[in-house]
Amino acid sequence: MTASRILRRTLLAATLGALCLPALAELADIKAAGKIRIGIDLSAPFYGYVDDKMNPAGSDVEAAQLLAKDLGVQLEIVNTTNSARIPNLLSNKADLIISSLSITPERQKAVDFSLPYGAIQAAVGAPRSLKLSGIEDLAGKSVAVTRGGPQDKIVTERAPQAKVVRFDDEAASITAAASGQTDIVAITPPIIAAIAKRSPQREFEVKFILQSYQLGVAMRKNQPELMNWVNGWIRTNLANGKLNDIHAKHAGVPIPKEILDGAK
């Protein structure tokens, strides 16, 4: 390789590195701005939704509000969809993501995660009259999932003979199940309960649990100051019970013991 080509590659690498720097908003930048932008999917009952007064509500919304208050800045909610959570973070539209985002090895390649602050279960729901006891029973049946969510991955990989019907957000998945567009949905237990409440005649119920996941706060890579602060915030608010109170209020169950123990 000639010296000129080496120089061109070096300059290109330096330029690309410089272009990346503005996206790495650290803790000091957020404090200086006086606000923190947190991505939340507001179409996911229990985790994030809009209440009857048109205000954001849900466990992730209350956790984000608590985080902003403790940091001493204003909260700006960046409304996102399930599949756009990480892209919104990487494109610098949000500083953090608190949106029922489970910690997986695949996602850890793209973003960094905090300590777990909660848990989410992937479950299969269907009308009471439909007999389903395990994932093998999904063969040949249409199953609604939210595109890009953990249930999408599980059903696609473990039930290859199922007919996976993908929706862009959880609101669309709920509507499909509640209206009878599909009889089976792979989603979270609180949302299955919301479907049952919305359309009681459908008698929707949890059939079986696919998997449990730990939830983390996502941020762009290489932000040590922000990571340290968020992890400290999680430890403090798990220890004082505030995050558990939020979780129990919306999910009806406490945060799993292993998450509480892991943050000590």
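This is a chat about the pockets, cavities and a few residues of a predicted model.

Student: OK, where do I start? How big is the largest pocket?
Tutor: Keep in mind that the model is predicted. The largest pocket has a volume of about 400 Å³.

Student: And which residues sit closest to its centre?
Tutor: Those are Thr104, Glu106, Arg107, Gly148 and Lys153. They belong to a lining of 19 residues.

Student: Which helices and strands supply that lining?
Tutor: Four elements each give at least two residues to the largest pocket: helix H4 (85-90), helix H5 (105-108), helix H6 (150-158) and strand S11 (204-215). H6 gives the most, with five residues.

Student: What's the mix of nonpolar, polar and charged in there?
Tutor: The lining of the largest pocket has seven nonpolar, six polar and six charged residues.

Student: Now the second largest pocket. What's its volume?
Tutor: About 250 Å³. The second largest pocket is lined by 17 residues, and Ala119, Ile120, Gln121, His247 and Pro256 lie nearest its centre.

Student: Which elements give two or more residues to that lining?
Tutor: Strand S7 (118-127), helix H8 (189-198), S11, helix H10 (242-251) and helix H11 (257-262). You've met S11 already, as it also supplies at least two residues to the lining of the largest pocket.

Student: And how does the second pocket's lining split by class?
Tutor: There are 12 nonpolar residues, four polar ones and one charged one.

Student: Switching topic: how many cavities are there of 30 Å³ or more?
Tutor: Searching the whole structure turns up two. The largest cavity holds about 100 Å³ of space, and about 30 Å³ lies in the second largest.

Student: How does anyone spot empty space like that?
Tutor: You roll a probe the size of a water molecule over the atoms, and that shows where empty space is left.

Student: Nice. Which residues line the largest cavity?
Tutor: Among them are Phe46, Tyr47, Ser59, Asp60, Leu243 and His247. Helix H3 (59-71) and H10 each supply at least two residues of that lining. By class, the lining has seven nonpolar, three polar and one charged.

Student: Wait, His247 came up before, right?
Tutor: Yes, His247 is one of the residues nearest the centre of the second largest pocket, and it also lines the largest cavity.

Student: What about the second largest cavity, who lines that one?
Tutor: Asn82, Arg85, Ser100, Ile120, Pro150, Gln151, Glu170 and Thr188. That makes two nonpolar, four polar and two charged residues.

Student: Back to Phe46 and Tyr47. What kind of aromatic pair do they form?
Tutor: A tilted one, and the structure holds one aromatic pair. The rings of Phe46 and Tyr47 are 4.0 Å apart centre to centre, with 55 degrees between the planes.

Student: Why does Phe46 count as buried?
Tutor: Because its relative accessibility is 7%, and buried means under 20%. Tyr47 is buried too, with a relative accessible area of 4%.

Student: Last one: Glu225. Where is that found?
Tutor: Glu225 is in helix H9 (residues 224-239). At 45% relative accessibility, Glu225 counts as partly exposed.

Student: Which residues does Glu225 touch?
Tutor: Leaving out residues up to four places away in sequence, Glu225 touches Glu26, Leu27 and Ala28.

Student: And how far is Glu225 from Glu205?
Tutor: They're 20 residues apart in sequence, and 43 Å apart in space, C-alpha to C-alpha.

Key: Residues numbered from 1 in each chain as written. Predicted model: local features only at pLDDT ≥ 70, side-chain atom pairs only at ≥ 80, totals over all residues. Heavy atoms only, no water. 1 Å grid on protein atoms, 1.4 Å probe; cavity = no way out; pocket = protein on both sides within 12 Å on 5 of 7 lines; lining within 4 Å. Points joined across faces, edges and corners; volume = space filled by probe spheres on them. Nonpolar A, V, L, I, M, F, W, Y, C, P; charged D, E, K, R; others polar. Phe/Tyr/Trp six-rings, centres within 6.5 Å; stacked < 30°, edge-to-face > 60°. Buried < 20%, exposed > 50% of the residue type's maximum accessible area, 1.4 Å probe, protein only. Contact = heavy atoms within 4.5 Å.
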